[in-house]
Amino acid sequence: MSLLLTVLATTLLAGLAMPLGALIAHFENVSSEWLEQEFRHSVMAFGGGALLSAVALVLVPEGIAHLDPLSACMWLMVGGLSFMALDIYLNKIDTPATQLAAMLADFIPESIALGAAFATGSNNAFLLAALIALQNVPEGFSAYRELNASSAYRPQKIIIMFCLMAVLGPIAAMSGYLWLSESPKVIAAVMLFASGGILYSIFQDLAPQAKLENRWAPPMGAVFGFGLGMLGLMLTTS
């Protein structure tokens with residue numbers, strides 16, 4: 001298999017984690033109410049841990065390696081501010097798709113960075129793909145529940161829509177692979193932009209939803225998600 005086909009297939013599989021998360025939410029049927037609550041909150045915490053590991057172990061270390069400190073901080077702040085502006089806009093138009101927008105806003109720049117990582121032969125390319133997939137499952141789970149709460153979206157339509165959105169990953173990755181592999185500073189800026197947006201999303205959306213009164217298991221989901229990312233880094237760099 002050529003490297004380009006590897007990039008497309010890997011990014012598509014990472015994107016298909018979104019409808020997988022939606023399917024889990026669709027068929028979720030836990031008989032015990034307290035267990036159902038713990039499960040949902042643990043999934044959200046796991047997503048936060050996976051997102052944080054992507055930022056701390058791959059995106060930021062790769063990004064700051066090619067930019068001066070001022071530029072690196074600037075792109076991180078721009079990413080956070082951009083996600084905040086999107087959040088404010090979606091809130092003003094009162095759409096039930098805030099989680100969906102946040103999921104896509106993460107997925108597309110990460111896919112661009114993933115394509116460039118494969119083109120430059122980065123050892124972290126497969127790790128980044130795995131972390132994207134890990135975070136897309138709980139994000140798909142959350143976005144499905146948000147959209148399903150609105151009568152305007154049928155479950156089958158939501159899942160099909162998520163499957164179609166997975167195709168955006170290979171398109172974005174191909175652009176990074178073909179056109180940005182010779183521009184390490186641009187890729188670094190994309191990674192740090194995505195990092196700022198992800199950090200905003202973690203503390204705006206995922207972390208508050210993971211909190212459950214008088215329950216202590218959900219936060220371990222975050223530890224588990226980050227631990228998987230750390231294990232992946234150690235395996236790929238050993």
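Is Phe83 buried or exposed in this predicted model? At 7% relative accessibility, Phe83 is buried, where buried means under 20% relative accessible area, exposed means over 50% and partly exposed lies in between (1.4 Å probe, protein chains only). Before the views, a short word on reading them: this is a predicted model, so local features need pLDDT of at least 70 and side-chain atom pairs count only at pLDDT 80 or more, while totals for chains, interfaces and linings use all residues. Residues are numbered from 1 along each chain as its sequence is written, and side-chain values use heavy atoms, with hydrogens and water left out.

**View 1. Phe83 and Phe193 form an edge-to-face aromatic pair.** Rings of Phe, Tyr and Trp (its six-membered ring) pair if their centres lie within 6.5 Å; planes under 30 degrees apart count as stacked, over 60 as edge-to-face and the rest as tilted. By this rule there are two aromatic pairs. In the pair of Phe83 and Phe193, the centres are 6.4 Å apart and the planes meet at 65°. Phe83 belongs to helix α4 (residues 69-92) and Phe193 to helix α9 (residues 184-210), so the pair ties together parts that are 110 residues apart in sequence. Helices here are DSSP runs (H or I, at least four residues), numbered from the N terminus. Phe193 is partly exposed, at 22% relative accessible area.

**View 2. Phe118 and Phe126 also meet edge-to-face.** Their ring centres are 5.0 Å apart, with 90° between the planes. Phe118 is buried at 7% relative accessibility, whereas Phe126 is exposed at 51%.

**View 3. Asn136 sits buried in helix α6.** This helix covers residues 125-148, and the relative accessible area of Asn136 is 0%. A polar atom of the Asn136 side chain lies 3.0 Å from the backbone oxygen of Ala14. Leaving aside neighbours within four places in sequence, Asn136 is in contact (heavy atoms within 4.5 Å) with Ala14, Gly15, Ala17, Met18, Met103 and Phe107.

**View 4. Helices α6 and α7 pack against each other.** Two packed helices are described by the angle between their axes and the distance between the axes. For α6 and α7 (residues 155-166), the angle is about 140° and the axes are 10 Å apart; axes are lines fitted to C-alpha atoms, for helices over the stretch in contact, and angles run from 0 to 180 degrees between N-to-C directions. On the α6 side, Gly140, Ala143, Tyr144, Leu147 and Asn148 meet Pro155, Ile158, Ile159, Met161 and Phe162 of α7.

**View 5. Leu100 is a buried residue of helix α5.** The helix spans residues 98-119, and Leu100 has a relative accessible area of 11%. Leu100 and Phe162 are 62 residues apart in sequence, yet 9.1 Å apart in space, C-alpha to C-alpha. Beyond its neighbours within four places in sequence, Leu100 has contacts including Ala143, Leu147 and Phe162.

**View 6. Pro170, in helix α8, touches residues from far earlier in the sequence.** Helix α8 covers residues 168-179, and Pro170 is buried at 11% relative accessible area. Pro170 and Leu12 are 158 residues apart in sequence and 5.7 Å apart in space, C-alpha to C-alpha. Not counting residues up to four places away in sequence, Pro170 touches Leu8, Thr11 and Leu12.

How values were computed:
Helices (H or I, at least four residues) and strands (E, at least two) are DSSP runs, numbered from the N terminus. A polar contact is a pair of N or O atoms within 3.5 Å; within protein, one must be able to donate a hydrogen and the other to accept it, and residues adjacent in sequence count only if both atoms are side-chain atoms.
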